[in-house]
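Let's take a walk through a protein together, starting from one small spot and then zooming out. Keep the picture open while you read.

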Amino acid sequence: MGFKSDIEIAQECEMRPITEIATKAGIDDKYLEQYGKYKAKIDYNLLKESDAPNGKLILVTAINPTPAGEGKTTTTVGLADGMQKLGKKVMVALREPSLGPVFGVKGGAAGGGYAQVVPMEDINLHFTGDFHAIGAANNLLAAMIDNHIFQGNALNIDPRKITWRRCVDMNDRQLRNVVDGLGGKTNGMPREDGYDITVASEIMAVLCLASDILDLKKRLARIIIGYTYGKVAEQKPVTAGDLHAEGAMAALLKDALKPNLVQTLEGVPAIVHGGPFANIAHGCNSVTATKMALKLSDYTITEAGFGADLGAEKFLDIKCRMAGLRPNAVVVVATVRALKYNGGVPKADLNNENLEALEKGLPNLLKHVSNITNVYKLPCVVAINAFPTDTKAELDLVEAKCKELGVNVALSEVWAKGGEGGVKLAEEVLRLVEQPNDFTFSYELEGTSIEDKLNAIVQKIYGGSKVVLTANAQKQAKELEALGFGNCPICVAKTQYSLTDDQTKLGAPTGFEVTVRNLKISAGAGFIVALTGEIMTMPGLPKVPAAERIDVDETGKITGLF
């Protein structure tokens, strides 16, 4: 039997009608809005009208990503399938993939092998149009800003102080910095501008954190788009509400606010909704999706993007804090190959047993595990995503080091075996969720400065010595605190490849400083974004983009997505 790609496996599976999946999940037909035979949106009123108790919440996170791969989504899906095999009522809550990475590096992000959510082609491409709606709402606001200035600028907006950027859901470095409004007076006022990728838009964060349509409108109205003319002390923030834009933006987003229902290859109901990046946004699926899954199942398995220093930190410190969520257990995913890469082994040599390199790379995993158990005080299990090249000696070493921290290790074989390969992991998770925990945050909001909060993240979560604010960032911190935003949580934008702000520093360095060059308030989302290192809010395509491998034949069959 030859090797099958993820897309071939997905295309061969027999999907159940989405109405059947909805019935299995206990979703009444009145809340279901079908998008074809295998996708549907769920009316958010289900959440208001349900009196069901919440189930258990399990977060899946990982070590810092490497070219060797970790398999966080695959593990999330396989764990749910494994729980189903044990007779549990379970749901998956995931983010939607961005077209940027799909055509850039990943080629798809719906799991892999026999642990996928389907229809994977739809999920990876346009899905139900949520990202298009978010981009349209973002760019409507941008158009209204420039039109307001063109029509007389009654709000006295300083074009040099506009902080709102346009967006597109594609990796396009050419658009990072642009000059627009050229070509004469009728084309607007020339000014410097730029584009972010849609998943980095504040609209995405707002949609994912909003509790309902009214909350969405309030959050949209609070978005700060720039500042007025005048001396620094006289400048005032201008909001989307000042432009009367929130109603039209909400109209564009009313359907995107509804979570999307799909299924795993083994028929577990899956809610896939929202998709902020974890290196430049808060990296979690929507609050509505998570809360809905908690009402509909006994066990909800969700995922946060990139390594635990990014996605898990923001899930716990931002999303859980804002939404009043309390996780019951955390899974940290790693591979032996990725740990050896952290230990200095080139990608070409990762298939060879190398206990010395593995021991050098293990501190990265152990730091993330320690953060979960000692900082956040949550039960944790390490899931080793199995590769055929893993040796017993390597697996034994990982298990021994984790047990020194009081954490068990479970081998996950879900890519090759689906739910059957996730049963051992599921059994350990089911044990952990019954344990009491003293969940706490890594920093407090009240009585601490912006710099204090950043220092807490750098020291407790990254393992660094301190944060360094550039002169510009120091000035911004004072201004934000003066405007009343000092008690907002912090969303750190940094490289996903390292615990530091330097992507070349692998493993678990200590004693380093993290430099924050820019602080920006996302008033609608309710957090402050801290830009570190050389992080970009618009990624670029790699030398050989995944788009070159993606194709569709005359029957409509897509190839090359993973």
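In which loop does Phe127 lie? Look between helix 6 and helix 7, the helix that covers residues 130-150: the loop there holds Phe127. One thing to keep in mind as you look around is that this is a predicted model.

Phe127 is a nice place to begin. Its phi is near 50°, a positive value in a residue other than glycine. Here's some background: most residues other than glycine have a negative phi, and most peptide bonds are trans. Phe127 is also tucked away, since its relative accessibility is 9% and anything under 20% counts as buried. Phe306 is another non-glycine residue with a positive phi, about 55° this time. You'll find Phe306 in the loop between strand 15 (299-303) and helix 12 (308-323).

Now go back to helix 6 itself, which runs over residues 120-124 and includes Asn124. Is Asn124 buried or exposed? With a relative accessibility of 0%, Asn124 counts as buried. Asn124 and Ser98 are 26 residues apart in sequence, yet their C-alpha atoms are 7.3 Å apart in space. Just ahead of helix 6 comes another curiosity: the peptide bond that joins Val118 and Pro119 is cis, with omega at about 5°. Pro119 sits in the loop between strand 6 (115-118) and helix 6.

Next, jump along the chain to helix 17, residues 423-432. Seven of its 10 residues are buried, so helix 17 is largely enclosed by the rest of the structure. The buried ones are Val423, Leu425, Ala426, Glu428, Val429, Leu430 and Leu432. So what covers them? The cover includes strand 3 (56-62), helix 4 (72-85), strand 15, strand 16 (329-334), strand 17 (380-385) and strand 18 (408-412). You've met strand 15 already: it is on one side of the loop that holds Phe306.

A little further along, there's a pair of rings to find. The structure holds one aromatic pair, and its partners are Phe439 and Phe441. Their ring centres are 5.3 Å apart and the planes make an angle of 75°, which makes the arrangement edge-to-face. How hidden are the two partners? Phe439 has a relative accessible area of 12%, so it is buried, while Phe441, at 23%, is partly exposed.

Time to zoom out. The protein's secondary structure comes to 19 helices and 24 strands. Its radius of gyration is 23 Å, close to the 24 Å that the globule rule gives for 562 residues, so the protein is as compact as a globular protein of that length. Along the principal axes, the C-alpha trace spans about 70 × 55 × 50 Å.

How much of the protein is inside? Of the 562 residues, 59% count as buried. If you take the contacts with a separation of 6 or more, 76% of them come from residues 24 or more positions apart. As for the outside, the protein exposes about 22,000 Å², and carbon and sulfur atoms supply 51% of that area. Finally, there are 61 positive and 67 negative charges, and the mean positions of the two sets are 4 Å apart.

How values were computed:
Residues are numbered from 1 along each chain as its sequence is written. This is a predicted model: local features need pLDDT of at least 70, side-chain atom pairs count only at pLDDT 80 or more; totals for chains, interfaces and linings use all residues. Side-chain values use heavy atoms; hydrogens and water are left out. Helices (H or I, at least four residues) and strands (E, at least two) are DSSP runs, numbered from the N terminus. The radius of gyration is taken over C-alpha atoms; the globule rule is 2.2 Å times the number of residues to the power 0.38. Buried means under 20% relative accessible area, exposed over 50%, partly exposed in between (1.4 Å probe, protein chains only). Contact means heavy atoms within 4.5 Å. Accessible areas come from the Shrake-Rupley method with a 1.4 Å probe; for residues, only the protein chains shown count as cover. Lys and Arg count as positive and Asp and Glu as negative; His and the chain ends are not counted. The place of a charge is taken as NZ of Lys, CZ of Arg, CG of Asp or CD of Glu. Rings of Phe, Tyr and Trp (its six-membered ring) pair if their centres lie within 6.5 Å; planes under 30 degrees apart count as stacked, over 60 as edge-to-face and the rest as tilted.
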